[in-house]
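This report looks at one part of a fold and the packing around it. The sequence and structure come first.

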Amino acid sequence: MAEKNVTGAVPENVDGKVINAESDRKLSDIKSAEALYALAKQRLLNVNNWNNLASNLLASFQLTDQNGAPVTGQVLKGNYFKIDIPGPGSVAGEGFDWVLVEEVETFESTDLQSIAIRVRPSANPTSDKQDIAHFYTDDSTSTFTVTREMQKVTAGVYDRNIKVNTDSGQSVDLVRNALVGSVGRLVFSKVQWKVLTDALVGD
């Protein structure tokens with residue numbers, strides 16, 4: 001599957017696993033496709049509502065500021081995702097996994113529109129410790145996109161350079177990351193993302 005990388009936000013895969021999830025809809029005319037794109041874009045930017053939008057998501061997502069305090073509204077570069085997944089949480093993340101929003105990019109033309117949000121595993125912004133509070137390393141990225149090509153609208157999530165985080169200073173996290181990271185490649189980063197992409201372009 002070739003990713004929809006219209007904005008250039010999806011990085012090259014240098015070292016690690018590649019995981020793609022996509023859902024698309026072809027509309028009867030351009031006007032309908034533009035309307036769906038606008039709706040899907042709004043849904044994508046409203047991270048705090050992802051769990052209401054896609055009720056079968058295994059993890060829950062909370063948008064926070066640079067200090068880890070909850071924020072409302074649309075996602076912005078510099079925000080964090082505070083992620084709660086089933087099972088034991090990260091010690092470094094005080095029970096959560098954390099990613100930093102490092103890019104929010106858009107592209108607009110007559111026949112082609114796209115938006116992308118790229119996140120990267122990060123340290124816990126509520127702590128002074130610098131351990132990556134996620135089951136993947138900070139070489140890994142996830143890029144969430146919505147793209148309209150003429151009458152077709154596609155939602156995609158593209159994980160690149162995926163590697164299990166074995167560098168945590170917490171021995172408990174080393175075991176936890178190995179377990180969750182292995183499952184994550186099969187479930188959280190594939191099944192879960194397909195649930196989300198289906199919802200983004202759904203009715």
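## The hairpin

This is a predicted model. Strand 6 and strand 7 form a hairpin, with 2 residues between them. Met150 sits in the turn and has a positive phi of about 55°.

The two strands of the hairpin run antiparallel, and 9 bridges join strand 6 to strand 7. Ser142 stands opposite Asp159 in strand 7.

## The other edge of strand 6

Strand 6 also pairs with strand 5. The sense is again antiparallel, over 8 bridges. Here Thr145 of strand 6 stands opposite Ala116.

Is strand 6 mostly covered or mostly open? It is mostly covered: 8 of its 9 residues are buried.

## The nonpolar core

The largest nonpolar core holds 38 residues. Trp50, Phe61, Phe81 and Phe144 touch the most other members. Several elements give two or more residues each, among them strand 5 (112-121), strand 6 (141-149), strand 7 (152-162) and helix 3 (171-200). Helix 1 (30-45) is another such element. Helix 1 supplies the largest share, 6 residues.

In soluble globular proteins, nonpolar side chains tend to be buried together.

## Contacts of Phe144

Which residues does Phe144 touch, leaving aside those up to four places away in sequence? The aromatic partners are Trp50, Phe81 and Trp193. Phe144 also touches Leu44, Ile115, Ala116, Ile117, Val119, Gly156, Val157 and Leu196. Two of these partners, Trp50 and Phe81, are listed with Phe144 among the core residues that touch the most other members.

Note on methods. Residues numbered from 1 in each chain as written. Predicted model: local features only at pLDDT ≥ 70, side-chain atom pairs only at ≥ 80, totals over all residues. Heavy atoms only, no water. Core = buried A, V, L, I, M, F, W, Y, C linked by side-chain atoms within 4.5 Å. Buried < 20%, exposed > 50% of the residue type's maximum accessible area, 1.4 Å probe, protein only. Helix = DSSP H or I, 4+ residues; strand = E, 2+ residues; numbered from the N terminus. Contact = heavy atoms within 4.5 Å. Pairing = 2+ DSSP bridges.
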